[in-house]
Amino acid sequence: MSRVLVAMSGGVDSSVAAAILVEAGHDVIGVTMKTFCYSDTPSHGKTCCGLDGITDAKRVAGALGIPHYVFDVEEDFTRDVVDDFVHEYAQGRTPNPCVRCNGNTKFRDLMRRGRALGCDRIASGHYVRAAHDETGTSLLRGRDHAKDQAYFLWGLPRELLPRLAFPVGELTKDEVRARARSLELVTADKPESQEICFVPTGDYRDLLRKRLGTHPALEAGSIVTSSGDVVGEHAGYAGFTVGQRKGLGGGSPEPLFVLEIRAESREVVVGTHDELFRDEVQVGEVNWLTDQPPVGAAVRVQLRSRAPAVTATVEAAGDELTVSLWDPQAAVTPGQSAVFFDGDRLLGGGRIIAARITAAGGSGTAS
Amino acid sequence: MDPTYLDYAATTPVREEVLAAMAPYLSGIFGNPSSVHAWGRQAENALELARAELAESLGAAPSEVTFVRGGTESDNLALFGWCGAQRARGEVPTIAISAVEHHAVLEATEHVEHQGLAKSMRIGVTADGRVAVDDIRRALAAGPTLVSVMWVNNESGMVLPIGEIADIVSDAGGTLHSDVAQAVGKVLVDVREVPADLLSGTGHKIYAPKGTGFLFVRDGTPLAPQLHGGGQERGLRPGTQDVAGAVGLATAVRLAVAEREAEGTRLTALRDRLESDLLGALDCIRVNAGEALRAPHILSLGVAGIEDGSALIMALDLEGVAVSGGSACTSGSAEASHVMGALYGEDDPFATVRFSLGKDTTAEHLQRAVEATVTVVGRMRAA
């Protein structure tokens with residue numbers, strides 16, 4: 001028996017993913033993961049994965065005639081995603097919780113619990129494609145490149161790939177919405193969720209204050225230039241991210257950007273846009289979904305969720321690796337992901353630990 | 001595959017006799033029982049007949065029965081109403097509840113305490129059905145005290161020694177509240193036998209509609225209303241009464257009480273068979289509260305070697321067998337049951353599955369439940 005577990009957030013993409021699987025004749029079970037307790041935050045009624053998401057997912061599952069269950073993963077999610085998020089900001093880095101959730105929590109939990117329900121496959125509404133051939137399964141960018149979500153999936157355990165299905169990966173967002181409308185799914189015109197699901201207020205600093213209490217990351221510190229001049233004060237380095245444009249008042253001659261966050265001295269380093277560029281990136285917690293590219297290989301690397309991939313050479317490989325960017329890139333941000341591709345094929349990725357400039361007279365490192 | 005419903009402790013269908021009794025009051029005899037005219041009098045007559053019928057089933061006087069909108073409301077009215085009456089006397093009283101109470105009592109007590117209306121205490125309960133009477137005596141010694149101990153525990157089926165507790169409370173001049181949602185029709189609930197002061201009951205566990213319930217208030221027990229309005233139910237529960245619901249509830253209680261012994265014998269035999277079949281087919285399982293006196297309709301099983309009890313319930317659902325984890329109240333919550341925590345400790349490694357039987361349960365249903373449970377537990381342990 002082929003029974004498929006489909007992760008339904010209550011959004012339109014996973015609703016249509018479930019509908020496609022049902023139409024294809026699969027034995028489909030819908031689940032929504034309850035990731036975070038909203039009871040002490042005001043409800044805005046918009047976010048996916050929240051209790052409204054659960055209600056919408058249940059309505060869609062009911063309309064499709066499939067069972068639906070709620071998996072309470074709050075404990076795992078809090079430990080693996082929320083605590084990590086807070087820890088990363090406390091260290092002066094800029095975390096990517098969706099990457100963390102997909103890699104460490106969501107699909108692992110779905111697979112483990114799915115087995116108990118007799119499911120041998122897991123599906124989601126991500127805009128990626130699973131390609132199966134004699135060498136195994138690999139993930140490709142979604143057909144709709146504007147909606148592609150491969151960037152968020154580099155952390156998946158490789159052994160899960162043969163068991164994954166992404167039914168909307170072949171569709172565009174418009175096609176997905178049209179499909180949902182023709183099926184009269186309640187989620188057809190639901191807006192995209194933008195904010196982080198566990199930060200429904202939209203201001204992650206509220207969460208940091210709540211979970212960190214008093215912490216150096218939330219205390220005042222100096223804003224300095226790369227040459228060490230103090231040019232201002234900030235209210236806590238956790239409020240900054242590398243590449244962020246920083247208005248300093250006082251009419252500095254050109255706009256300044258955050259170059260680096262120095263947690264140990266609570267300094268936020270700023271400089272001109274030219275100073276933002278880096279061409280060597282150190283990557284940790286590396287995970288490969290294909291065989292690892294050899295040292296010296298050229299790969300494409302995507303350094304931001306909405307940035308195009310750029311070409312780089314693998315310099316040193318292992319659990320940590322270093323890549324040299326052929327062209328220096330602005331705002332390579334520690335804590336964010338470096339995701340490797342070969343064309344549309346997702347090779348793997350890791351967390352950016354540090355970046356520096358080796359060519360053309362740049363300054364310093366962002367660590 | 002025939003669906004197999006074994007979750008009667010969560011809720012029951014409305015039985016035909018109840019539906020038939022209610023039908024005239026849904027459209028034909030529709031008057032407001034507070035109205036002066038003939039329509040109103042007809043409705044009021046039906047309401048008061050229902051009250052008398054329900055009272056008689058419990059050994060109470062009609063004036064001691066208040067119709068409310070379900071078990072949770074009844075529990076809340078008992079606790080808040082009693083605290084309100086104490087407050088009017090300038091007292092900060094004590095509420096002592098057993099460690100295995102329903103959330104309606106547990107959360108209401110926490111809220112009462114949070115509001116500063118009362119202090120609260122917990123009364124220990126052991127897996128073999130003993131209640132820490134020293135805890136009760138200690139609470140009673142502290143001043144005005146409401147003791148709340150459910151008659152039958154909803155998660156384990158354990159019957160608590162209400163008679164013994166009632167005597168202790170009564171001797172010390174305290175007030176005893178008991179949630180009888182799982183007890184009516186399952187064990188003898190008669191207020192002439194047991195000097196309880198407040199009883200909270202619900203209709204939907206005994207084949208009456210959801211949203212029907214009652215609060216028994218022994219004459220002379222002070223209680224302050226928690227809603228304010230038109231003075232219905234002697235001012236204790238204002239709001240136009242649900243006449244059809246009251247008639248349905250009274251009918252359901254009468255039938256449950258009348259059928260208690262025969263149905264209890266039948267369900268006990270079925271339950272014991274289910275229990276021995278499961279114990280024979282699976283190792284590393286435990287009958288929760290197995291050493292205690294238990295109501296006939298509940299079998300609560302502890303299953304070892306399973307990481308996640310909620311997945312077991314879902315997997316059984318996919319096999320067409322409807323059961324619960326401990327209670328049916330929370331939406332997919334993996335929060336550990338406070339009841340099993342109280343009986344077996346917080347780190348108890350057993351996942352809970354509750355089978356609860358009812359009037360349409362047959363030996364064939366139970367056979368299917370055993371087969372499905374063996375299949376699913378085997379698969380989960382292998383995973």
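This is a short tour of a predicted two-chain model, stop by stop.

Before you click, note that residues count from 1 along each chain as its sequence is written, and chains are lettered from A, with ligands numbered from 1, in the order in which they are written. Since the model is predicted, local features need pLDDT of at least 70 and side-chain atom pairs count only at pLDDT 80 or more, while totals for chains, interfaces and linings use all residues.

**Stop 1: the two domains of chain B**

Select 4–12 together with 260–382 of chain B and colour that as domain 1; then give 16–258, domain 2, another colour. These bounds come from an automatic or database domain assignment. The C-alpha centres of the two domains of chain B are 27 Å apart. Where they meet, domain 1 of chain B puts in 26 residues and domain 2 of chain B puts in 27; contact here is two residues whose C-beta atoms, placed from the backbone, lie within 7 Å.

On the domain 1 side of chain B, show helix H8 (260–281), strand E10 (298–303) and helix H10 (338–344), the elements that give two or more residues. Helices (H or I, at least four residues) and strands (E, at least two) are DSSP runs, numbered from the N terminus. H10(B) gives the most to this side, with five residues. By type, the domain 1 side has twelve nonpolar, ten polar and four charged residues. Nonpolar covers Ala, Val, Leu, Ile, Met, Phe, Trp, Tyr, Cys and Pro; charged covers Asp, Glu, Lys and Arg; the others, Gly among them, are polar.

**Stop 2: the open sheet of chain B**

Now switch on cartoon for chain B and look for seven strands in the order E2-E8-E7-E6-E5-E3-E4, an open sheet with mixed pairing. Two strands pair if DSSP finds at least two bridges between them. At the edges, pairing on one side only, are E2 (65–68) and E4 (119–123) of chain B. From one strand to the next the twist averages 20°.

Zoom in on E6 (175–179) and E7 (198–202) of chain B: they run parallel, joined by three bridges. B:Ser178 has B:Leu199 in E7(B) as its bridge partner. Then add helix H3 (71–88) of chain B, which packs on the sheet and touches several strands, including E6 and E7 of chain B; its direction makes about 160° with that of E7(B). Helix H6 (162–171) of chain B also packs on the sheet, touching E5 and E6 of chain B, and makes about 160° with E6(B). Axes are lines fitted to C-alpha atoms, for helices over the stretch in contact, and angles run from 0 to 180 degrees between N-to-C directions.

**Stop 3: where chain B meets chain A**

Show both chains. This contact takes 14 residues from chain B and twelve from chain A. On the chain B side, pick helix H9 (309–318) and helix H11 (363–382), each supplying at least two residues. H9(B) gives the most, with six. The chain B side divides into seven nonpolar, four polar and three charged residues.

While you are there, select B:Leu312. Apart from neighbours within four places in sequence, B:Leu312 is in contact with B:Val303, B:Ile306, B:Ala351, B:Val353, B:Val376 and B:Met380. B:Leu312 is also one of the residues touching the most other members of the largest nonpolar core, which has 219 residues. Such a core is a set of buried Ala, Val, Leu, Ile, Met, Phe, Trp, Tyr and Cys residues joined through C-beta atoms within 7 Å. Helix H7 (243–258) of chain B gives the most to this core, with eleven residues.

**Stop 4: strands and odd phi angles in chain A**

Move to E16 (321–330) of chain A. It runs antiparallel to E13 (277–288) of chain A, with six bridges, and antiparallel to E15 (310–316) of chain A, with four. Click A:Ser324: it is the bridge partner of A:Glu280 and also of A:Thr313. In the E15(A)–E16(A) hairpin, with four residues between the strands, A:Gly318 takes a positive phi near 150°.

Most residues other than glycine have a negative phi. A:Glu285, not a glycine, has a positive phi of about 50°, and A:Glu285 sits in strand E13 of chain A. A:Ala331 has a positive phi of about 55° and is in the loop between E16 and E17 (337–342) of chain A.

Which of these is buried and which partly exposed? A:Ala331 counts as buried because it has 22 C-beta neighbours inside 10 Å; A:Glu285 has 15, so it counts as partly exposed. The cut-offs are 20 or more other C-beta atoms within 10 Å for buried, 12 or fewer for exposed and in between for partly exposed, with C-beta atoms placed from the backbone.
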